[in-house]
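Hi everyone, thanks for coming. I'd like to walk you through one structure today, so let's put it up on the screen.

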Protein chains: 2
Amino acid sequence: MLKIDAGSAVPVYEQLKRQIKLRIVSGRYPSDHRMLSIRQLASELTINPNTIAKVYRQLEGEGFLMSKTGSGFFVKLEKEQMGTTRRKLLAELTDEFISRVVELGFTPDELINTLSEKLERKSADDQT
Amino acid sequence: MLKIDAGSAVPVYEQLKRQIKLRIVSGRYPSDHRMLSIRQLASELTINPNTIAKVYRQLEGEGFLMSKTGSGFFVKLEKEQMGTTRRKLLAELTDEFISRVVELGFTPDELINTLSEKLERKSADDQT
DNA sequence: ACGATTGTACTACTTTGCTATTACAGTGGT
DNA sequence: ACCACTGTAATAGCAAAGTAGTACAATCGT
């Protein structure tokens, strides 16, 4: 079940987009899987259908969904594409992160160190 | 000299804030350094004084500046605080990055790998 | 062929973020 | 004490983002 936090600063359509993208990229929504219809999902989440439409259309533009007028939206991502798509997503996020951090005058060493330290601590917490 | 890209998607006040913060944190603007007055900087950059005021006030709120009504804004960051402040900034950015990436289902290994690879490639480019 | 369901397109309203304008109040040098 | 400088505060204008409402067109099952 998808969840929306209405009070959040990140807009509703953005929250939805991330969640759906994750489910597609992780294989939980396989290729040719039919998405809930715009109106169905809208009434489930108690938000405007147009917001759902926006999300679906954007995901279509990014190559994750395909629309068939009259019958619904379908997942488009083939299993073979999943790897490269995941890599591309990660690359984008990483590039943005690096540029922002470098902009603040940090060195690559500092970057790697704090990141790996945080990840170690995180995995320790997760196991506890 | 501070530079503003008027056509950029990131708002003017945000561009300014980042640049000034960098100069303070890197020590280029030492403690007790007097900033250009709101109106001076505004006329130099050909933008509205109120935008500068907003930047200064926010930086004051984050503990980088101090205002003295009638005489100007002054850098507040002591040399001893620079280290911890820098670390804190980096930690915030890193946490946000990690949470967004984990949200997309990536493993710590993938993360470290792409990051270090990108950094290596970057340093190679910078030297060329 | 019909009716229910699907996506689509257009419009409009509301809110928010950003910037601009103006008038006010405190400080400091001379 | 004055005057030119400083920050402050309050207001308004503008554009963009986000969401909502309504009418339309294509599909599919029966």
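Let me begin with a question: at the start of α3(B), which residue has a side-chain oxygen that reaches to the backbone nitrogen of Asn50(B)? The residue is Asn48(B), and its side-chain oxygen comes within 2.8 Å of that nitrogen. Please keep in mind that what we are looking at is a predicted model.

Let's stay with this helix for a moment. In chain B, α3 runs over residues 49–61, which makes 13 residues. From its first C-alpha to its last, α3(B) reaches 18 Å, close to the 18 Å expected at 1.5 Å a residue. Past the other end of α3(B) comes Gly63(B), with a positive phi near 90 degrees.

Now, which residues of α3(B) are buried? They are Ile52(B), Ala53(B), Val55(B), Tyr56(B) and Leu59(B). These buried residues cover an arc of only 160 degrees around the axis, so they sit on the same side of α3(B). You may recall the general rule here: an α-helix has 3.6 residues a turn, so residues three or four places apart point the same way.

What do the buried residues of α3(B) pack against? Within chain B, their partners are two helices, α1 (12–25) and α2 (38–45), together with two strands, β1 (65–68) and β2 (72–75). If you turn to the face of α3(B) that points away from the buried side, you will find the exposed residues Asn50(B), Arg57(B) and Gly61(B). So Asn50(B), whose backbone nitrogen we met at the start of α3(B), is one of the residues on that exposed face.

Let me hop over to chain A for one residue. Gln15(A) belongs to helix α1, residues 12–25. Is Gln15(A) buried or exposed? Its relative accessibility is 11%, and because the cut-off for buried is under 20%, Gln15(A) counts as buried. Beyond its neighbours within four places in sequence, Gln15(A) is in contact with Lys3(A), Ile4(A), Asp5(A), Ser8(A) and Val10(A).

Finally, the two chains together. Contacts join 28 residues of chain A to 28 residues of chain B. The chains bury about 3300 Å² between them, with 75% of that on carbon and sulfur atoms. There are five salt bridges across this interface. Arg86(B) and Glu110(A) meet in a salt bridge, at 2.6 Å from N to O. On the side of chain A that touches chain B, α1, α4 (79–103) and α5 (108–127) each supply at least two residues. Of these, α4(A) gives the most, with 13 residues.

Methods: Residues are numbered from 1 along each chain as its sequence is written. Chains are lettered from A and ligands numbered from 1 in the order in which they are written. This is a predicted model: local features need pLDDT of at least 70, side-chain atom pairs count only at pLDDT 80 or more; totals for chains, interfaces and linings use all residues. Side-chain values use heavy atoms; hydrogens and water are left out. Helices (H or I, at least four residues) and strands (E, at least two) are DSSP runs, numbered from the N terminus. Buried means under 20% relative accessible area, exposed over 50%, partly exposed in between (1.4 Å probe, protein chains only). Contact means heavy atoms within 4.5 Å. The expected span of a helix is 1.5 Å times one less than its number of residues. The arc is that of the directions from the helix axis to the C-beta atoms. A polar contact is a pair of N or O atoms within 3.5 Å; within protein, one must be able to donate a hydrogen and the other to accept it, and residues adjacent in sequence count only if both atoms are side-chain atoms. Buried area is the accessible area (1.4 Å probe) that two parts lose on being put together, summed over both. A salt bridge is a side-chain nitrogen of Lys or Arg within 4 Å of a carboxyl oxygen of Asp or Glu.
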